[in-house]
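User: Hello! I am new to this structure and would like a close look at a single part of the picture, the salt bridges. Could you walk me through them slowly?

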Amino acid sequence: MLLSTTHLGTYLLSNMMILLLNLIKIPRLQLFYNKFFITIVVNIPTTSVFTDGSKADEHVGFGVIMDDASYSHILSVFCSVYTAEAMAISYALKLISSSQYRKFCIYSDSMSVLQQLEHIENATHPILLNIADTVYYLKNKGCDIVFCWTPSHVGIVGNEKADYVSRTASIPIEHTIPLADIRKSVQHYILNKWQETWDRQVNNKLHRIKPSIVLWPIFPIRGFDVKLTRLRIGHTWYTHIYLLSGDSVPLCTSCNEVQTVDHILTKCPDFNSSRLNFFKTTILDLNDLVGETPHPNLFSFLRDIGFLFGI
């Protein structure tokens, strides 16, 4: 455990702040929390170092505030905000290594990074492993380093400054990009390209129901899930068997309209009484019935109109 010798900073301070996490969302209590935090900082004889990382559309950066001086750098757009937060801590340790002081408290609003540092034996992120090595080296040189979590955007001056410089950073820094960040960026790029291609399929029956490529939940009963999928893509045995048999396109005997899934489920007046019975309305859209969350009475309706086994 990287922080095993700094339980006061990691557990006492952080846990008190965690208990207040829900309270500080209430505006009138933010001033109280700010004063509470300042009291802790003032009464702990350490040099305070505030770190923060940020990621926007085309900007990734980190910032460090130490001795009223600010340091900030931009990172590759492939880097995650987690990497930016870790880079801020790593850079802070670099500053500490050349400082004349010996006791430091590094404040970060990234709970996930600090928790991983607490269990560094399970870490795989290269920057976190580098942080662990640096902390070990600095402790052997006589430095006492404490990590402390602090919430963001509650008026804590050091944290606000670190947040600002991380968002406005403009100076690049040489660094490696973790493989996990590259993989995530590639996946994001592929999904965006896939979505762009799908957006052009305006005449596709499924596109009308599912304009986004995000995953939808699977129906727990496979037989019903298969039928639901066929309804969504608009291809069923009843509406498309003519393609195999060589017959003409089937027409509705009441409306003389082409028999499509949309016509059968939402338009044909022959089934209005069943729609009222199961859906409480006759004005329906296909999305209402077979969208991401299918209507709970869908299959009962299909059984009632005799279409369930024609899918």
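Analyst: Happy to. One definition comes first: a helix here is a DSSP run of H or I with at least four residues, and helices are numbered from the N terminus. Please also keep in mind that this is a predicted model.

Let us begin with some background. Side chains of opposite charge can pair when their charged atoms come close. The cut-off used for a salt bridge is a side-chain nitrogen of Lys or Arg within 4 Å of a carboxyl oxygen of Asp or Glu. By this rule the structure has 5 salt bridges.

A good place to start is helix α6, which covers residues 157-167 and holds both Asp163 and Arg167. These two residues are 4 apart, or about one turn of the helix. Their side chains meet in a salt bridge, with 2.9 Å from N to O. Are the two partners buried or exposed? Asp163 is buried, because its relative accessible area is 8% and buried means under 20%. Arg167, at 45% relative accessibility, counts as partly exposed.

Next, look along helix α7, residues 179-199, where Lys193 and Glu196 sit 3 residues apart, separated by about one helical turn. They form a salt bridge too, and the closest N and O atoms are 3.7 Å apart. Lys193 is partly exposed, with a relative accessible area of 39%. Glu196 is also partly exposed, at 39% relative accessibility.

Now for a pair that links two helices. The side chains of Asp262 and Arg208 meet in a salt bridge, at 3.1 Å from N to O. Asp262 belongs to helix α12 (residues 261-267) and Arg208 to helix α8 (residues 205-209), so this salt bridge ties together parts that lie 54 residues apart in sequence. As for their surroundings, Asp262 is buried, with a relative accessible area of 15%, while Arg208 is partly exposed at 40%. This pair also belongs to something wider: salt bridges that share partners join Arg208, Asp262, Lys267 and Asp285 into one network.

To follow this on your screen, you could start with Asp163 and Arg167 in α6, go on to Lys193 and Glu196 in α7, and finish with the network that includes Arg208 and Asp262.

Methods: Residues are numbered from 1 along each chain as its sequence is written. This is a predicted model: local features need pLDDT of at least 70, side-chain atom pairs count only at pLDDT 80 or more; totals for chains, interfaces and linings use all residues. Side-chain values use heavy atoms; hydrogens and water are left out. Buried means under 20% relative accessible area, exposed over 50%, partly exposed in between (1.4 Å probe, protein chains only).
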